[in-house]
Each structure stands twice: as structure tokens, then as C-alpha cells.
Amino acid sequence: MKKFFAIVAMFGILSFGLTETVVAQDAAAPQTETVDSAAVDSAAAPAPAPAPAAPAVVEEENPGFHKTLKTKFIEGEASFMSIVAVALVLGLAFCIERIIYLSLSEVNTKKLMAAIEAALAKGDVEGAKEVCRNTRGPIASICYQGLLRIGEGIDVVERSVVSYGGVQAAALEKNCSWITLFIAMAPSLGFLGTVVGMVQAFDNIEKQGDISPTTVAGGMKVALITTIFGIIVALILQVFYNFILTKIEALTAEMEDSSITLLDMIMKYSLKK
């Protein structure tokens, strides 16, 4: 009897294990079929076309302004281009010197004249002179020269102011003639290079006995480049020169106005005495 129950128990365990195996296989079968069908579908479906490759970025050589300028300078015959470059450097040096000088000559004219007037109103001529000595610029110098002769009469003061005003105006225009020289010389040097380049072109034609573009191109290129650089130098210097003239005219107008104001102050001071 015990053997019978043991056999029945073994049979039940085997049956239960077999059932679990079959259920597990049945549950795994749909997943396998799904995976297989997906694999078949993916294999059957046409492969997607590869994405177009990004076009390679071709970095074109874009030489900067400095490099282009240097190249053209070398191509334009160093003998003439060097002279044009020297004219530019010297012209700019004179322009910068004038601009600095004129900038230092500018003062607050209204404040200066108000200080002088206040000192003269108190009868303090030495105080007015001290104000002029402690102020830079041609306007203060003109006022100081007028105050030095305040006791010699208004006519003497006027002549002194006018004479010293002419001296100061000449000082403002100092070295401007050099700037105009380089303005005129730069394009002339460029035109000289043009003539030399044409002569070289005709020499090449004479040597080769042919008027082909390659024969003429070298000389013509030199001619045009030297002309271009000469005109550019003249234009640059002309702009600075006009700026300098504007500052000189403004200072001259202030000098004249201040001279008239000073004479009026000295006249009032003389009448009070």
C-alpha cells in the first residue's frame, strides 16, 4: 500500500513538473515568435538609406587686410613703395605732433577770463598775472603779455597783444608745411612709379618682340599699385591735415575773442584808477 502511494506521489510530481514545463514553453513560444517575426520583418524591410554625410567645410584661404597689404606692397617695387611708406610715416609723425600740441593748447577760456576779471576787479594785477602764468596755452600767454604793459596805456597794451598774438598763431601752424609737402609728394611718387612701370612694360615688349598680356602685365601691375598707394597715403594725410586746420582756426578765434575781452577789462581797470 505504501508502495502504491509512493508511486502515485511520484507520478503526481512528474505530472506537475511536466505541466509546468509545457506551460513555460507555451508562454515562451509567442515571445520567440514575436522576436523571430520582428527579426524577419527587419530583415525583409529595406535598410534605411544612410544619412547624407555633412559636406566637408572647405576653409578658403581668406588673407587678412595686413597680409594683403604686405603682398601688394612687395609686388609694387620696393624702391618706390618704400619711399611712399616713408612719406606716410613722416607725415603721420608731424600730424600726431601737431594734434598733441594743439590739444595741450586748449583751455577753458571762459574760466580763465573770469579769473583775470575777478583779479582786476580787486585791483590785483599781480594776481591776474599769476593766473596767466599758471595756465598753459597761447591765450594765457597773450593775456600775460598784455598785463605786463598794463601801466603803459591801452594803445601799448593793444599793440603788444596783437604782436604776440601773431607769434602764437605762427606757433600753432608750425610744421604744417611739412604735412602739405608729404600730401603733395605721395601721389607724385605714385605717378613716378606708374611711369617706371610703363617703361618696364615697354622694355619687356622690346625684349620679347611680342605684345602678349603676360609681357605687359608685370609692368602695368607695378604702375597701378604704386599709384594706388600714393593716392591712399595722400588721402590719409589730407584727413589729418584738415582736422589740424580746424583746431587751429578754433584756437585762433578764441585768441582774438580773448584779446578783445582783455582790452575791455584793462580799459575798465584804467578808468577805475
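Helices here, at least four residues long, are DSSP runs of H or I, numbered from the N terminus, and strands are runs of E of at least two. With that in hand, let's work through this predicted model.

**Exercise 1. Describe the fold pattern of the chain.**

Step 1: Count the elements. The chain has nine helices and zero strands.

Step 2: Read along the sequence. The pattern is α-α-α-α-α-α-α-α-α.

Step 3: Look at the contacts. Of those between residues at least 6 apart in sequence, 76% join residues at least 24 apart.

Step 4: Add burial and surface. Of the 273 residues in the chain, 29% are buried. The accessible surface is about 17,900 Å², with 67% of that belonging to carbon and sulfur atoms.

**Exercise 2. Decide where the model can be read with confidence.**

Step 1: Start with the whole chain. Its mean pLDDT is 76, and 67% of the residues reach 70 or more.

Step 2: Find the extremes. Helix H1 (residues 2-44) has the lowest confidence, at a mean of 42, while helix H6 (residues 138-148) has the highest, at 92.

Step 3: Examine the N-terminal stretch. Over residues 1-60 the pLDDT stays under 50, and the model has zero contacts for them beyond four places in sequence.

**Exercise 3. Work out which parts of the chain the salt bridge between Glu 106 and Lys 247 joins.**

Step 1: Check the pair. The closest N and O atoms of Glu 106 and Lys 247 are 2.9 Å apart.

Step 2: Place both partners. Glu 106 sits in the loop between helix H3 (78-105) and helix H4 (109-121), and Lys 247 is in helix H9, so the salt bridge ties together parts 141 residues apart in sequence.

Step 3: Compare burial, remembering that buried means under 20% relative accessible area. Glu 106 is partly exposed at 35%, whereas Lys 247 is buried at 13%.

Step 4: Put the pair in context. The whole structure holds four salt bridges. Another of them links Glu 97 and Arg 98, again with the closest N and O atoms 2.9 Å apart. There, Glu 97 is partly exposed at 31% relative accessible area, and Arg 98 is buried at 1%.

**Exercise 4. Examine helix H5, from its start to its own salt bridge.**

Step 1: Begin at the start of H5. A side-chain oxygen of Asp 124 comes to within 2.9 Å of the backbone nitrogen of Gly 127.

Step 2: List the buried residues of helix H5 (residues 125-133). They are Val 125, Gly 127, Ala 128, Lys 129 and Cys 132.

Step 3: Find the salt bridge. The side chains of Glu 126 and Lys 129 meet at 3.6 Å, N to O.

Step 4: Explain the spacing. Glu 126 and Lys 129 are three residues apart in helix H5, which means about one helical turn separates them. In general, an α-helix has 3.6 residues a turn, so residues three or four places apart point the same way.

Step 5: Compare the partners. Glu 126 is partly exposed at 48% relative accessibility, but Lys 129 is buried at 11%.

**Exercise 5. Locate a nonpolar patch on the surface and place one of its members.**

Step 1: Name the members. Leu 224, Ile 228, Ile 232, Ile 236 and Phe 240 form the patch, with about 420 Å² of accessible area together.

Step 2: Place Ile 232. This residue belongs to helix H9 (residues 213-272).

Step 3: Check its accessibility. Ile 232 has a relative accessible area of 41%, which makes it partly exposed.

Methods. Residues numbered from 1 in each chain as written. Predicted model: local features only at pLDDT ≥ 70, side-chain atom pairs only at ≥ 80, totals over all residues. Heavy atoms only, no water. Patch = residues over 30% accessible without salt bridge, like charges linked within 9 Å, V, L, I, M, F, W, Y side chains within 5 Å. Areas by Shrake-Rupley, 256 points an atom, 1.4 Å probe, with all protein chains shown as cover. Buried < 20%, exposed > 50% of the residue type's maximum accessible area, 1.4 Å probe, protein only. pLDDT = per-residue confidence, 0-100. Contact = heavy atoms within 4.5 Å. Polar contact = N/O pair within 3.5 Å; in protein donor to acceptor, adjacent residues only side chain to side chain.
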